[in-house]
Amino acid sequence: MACSIGSGSNTKVAYYTLSGAMSHSDIALETSKRVKSIGVGPLKLPSLLDRKGFVVRQDANSIEVKELHEWGGQLQDEFVSALSQQLQARLPETRVQRIPWEISQTPVYQVSLMVDQFDGL
């Protein structure tokens, strides 16, 4: 996943969003033909990440919250959206949908996620 940066003109807070890498392979195209639908969600994040400011790991036992660096939306939504975009790009013939979905649209496969640690480069 990539991270996009933007900031408002009258504030010093920087806002970030996740986006999916848009690439696919021949193997993914073949899989896409066989898999009719995939649902993404629910996603569980550690409570440590459930905040506006970025949480930056200092070492194995300490963190710093960067209050001037925030997610543009809820991190959980950003994560599910970016993963859905990646799956859709790699599986173009598969219907990829995010939770919640209508009962009549229940996907054949579902990806439920529990993130233990989320680090960037």
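**Exercise 1. How many aromatic pairs does the count come to in this predicted model?** Work out how the rings sit and what they connect.

*Solution.*
Step 1. The count comes to four aromatic pairs.

Step 2. Take Y16 and F54. Their ring centres are 4.5 Å apart and their planes meet at 45°, so this pair is tilted. The cut-offs behind that call are under 30 degrees for stacked and over 60 for edge-to-face, with the rest tilted.

Step 3. Now place the two residues. Y16 sits in strand β2 (residues 14–19) and F54 in strand β4 (residues 53–59), so the pair ties together parts 38 residues apart in sequence. Both Y16 and F54 are buried.

Step 4. Move on to W71 and F118. This aromatic pair is also tilted, at 6.3 Å centre to centre and 40° between the planes. W71 belongs to strand β5 (residues 62–71), while F118 is in the segment after β7 (109–114), so here the link spans 47 residues.

Step 5. Check the burial of this second pair. W71 has a relative accessible area of 12%, so W71 is buried. F118 comes out at 26%, so F118 counts as partly exposed; the band for that label starts where buried, under 20%, ends.

Step 6. Put the rings together: Y16, F54, W71, F79 and F118 are linked by ring pairs into a cluster.

**Exercise 2. Which residues have the most contacts inside the largest nonpolar core?** Then find out which elements supply that core.

*Solution.*
Step 1. The largest nonpolar core has 20 residues, and those with the most contacts inside it are L18, V40, L43, L45, W71, L75 and L87. W71 turned up in the ring cluster too.

Step 2. Go to the elements. At least two residues of this core come from each of β2, β3 and α2 (75–90). The most comes from α2, with six residues.

Step 3. Zoom in on V40. Leaving aside neighbours within four places in sequence, V40 is in contact with residues including V80, L83, S84 and L87, as well as V96, I99, W101, V111 and L113.

Step 4. For context, nonpolar side chains in soluble globular proteins tend to be buried together.

**Exercise 3. Where is K44, and is it buried or exposed?** Follow its partners along the chain.

*Solution.*
Step 1. K44 lies in strand β3. Its relative accessibility is 52%, so K44 counts as exposed; the cut-off is over 50%.

Step 2. Not counting residues up to four places away in sequence, K44 touches L113, M114 and V115.

Step 3. Look at S112 as well: the C-alpha atoms of K44 and S112 are 8.5 Å apart, although their positions lie 68 residues apart along the chain.

**Exercise 4. Which peptide bonds at P42 and P100 are cis, and what is omega there?**

*Solution.*
Step 1. The bond from G41 to P42 is cis, with omega near 5°. P42 is part of strand β3 (residues 37–44).

Step 2. I99 and P100 are also joined by a cis peptide bond, with omega about 0°. P100 falls in the loop between β6 (95–98) and β7.

**Exercise 5. What pattern does the protein follow along its sequence?** Round off with the overall numbers.

*Solution.*
Step 1. There are two helices and seven strands, in the pattern β-β-α-β-β-β-α-β-β.

Step 2. Of the 121 residues, 32% count as buried. The protein exposes about 8300 Å², with carbon and sulfur atoms supplying 52% of that.

Step 3. Among contacts between residues at least 6 apart in sequence, 66% join residues at least 24 apart.

Note on methods:
Residues are numbered from 1 along each chain as its sequence is written. This is a predicted model: local features need pLDDT of at least 70, side-chain atom pairs count only at pLDDT 80 or more; totals for chains, interfaces and linings use all residues. Side-chain values use heavy atoms; hydrogens and water are left out. Rings of Phe, Tyr and Trp (its six-membered ring) pair if their centres lie within 6.5 Å; planes under 30 degrees apart count as stacked, over 60 as edge-to-face and the rest as tilted. Helices (H or I, at least four residues) and strands (E, at least two) are DSSP runs, numbered from the N terminus. Buried means under 20% relative accessible area, exposed over 50%, partly exposed in between (1.4 Å probe, protein chains only). A nonpolar core is a set of buried Ala, Val, Leu, Ile, Met, Phe, Trp, Tyr and Cys residues joined through side-chain atoms within 4.5 Å. Contact means heavy atoms within 4.5 Å. Accessible areas come from the Shrake-Rupley method with a 1.4 Å probe; for residues, only the protein chains shown count as cover.
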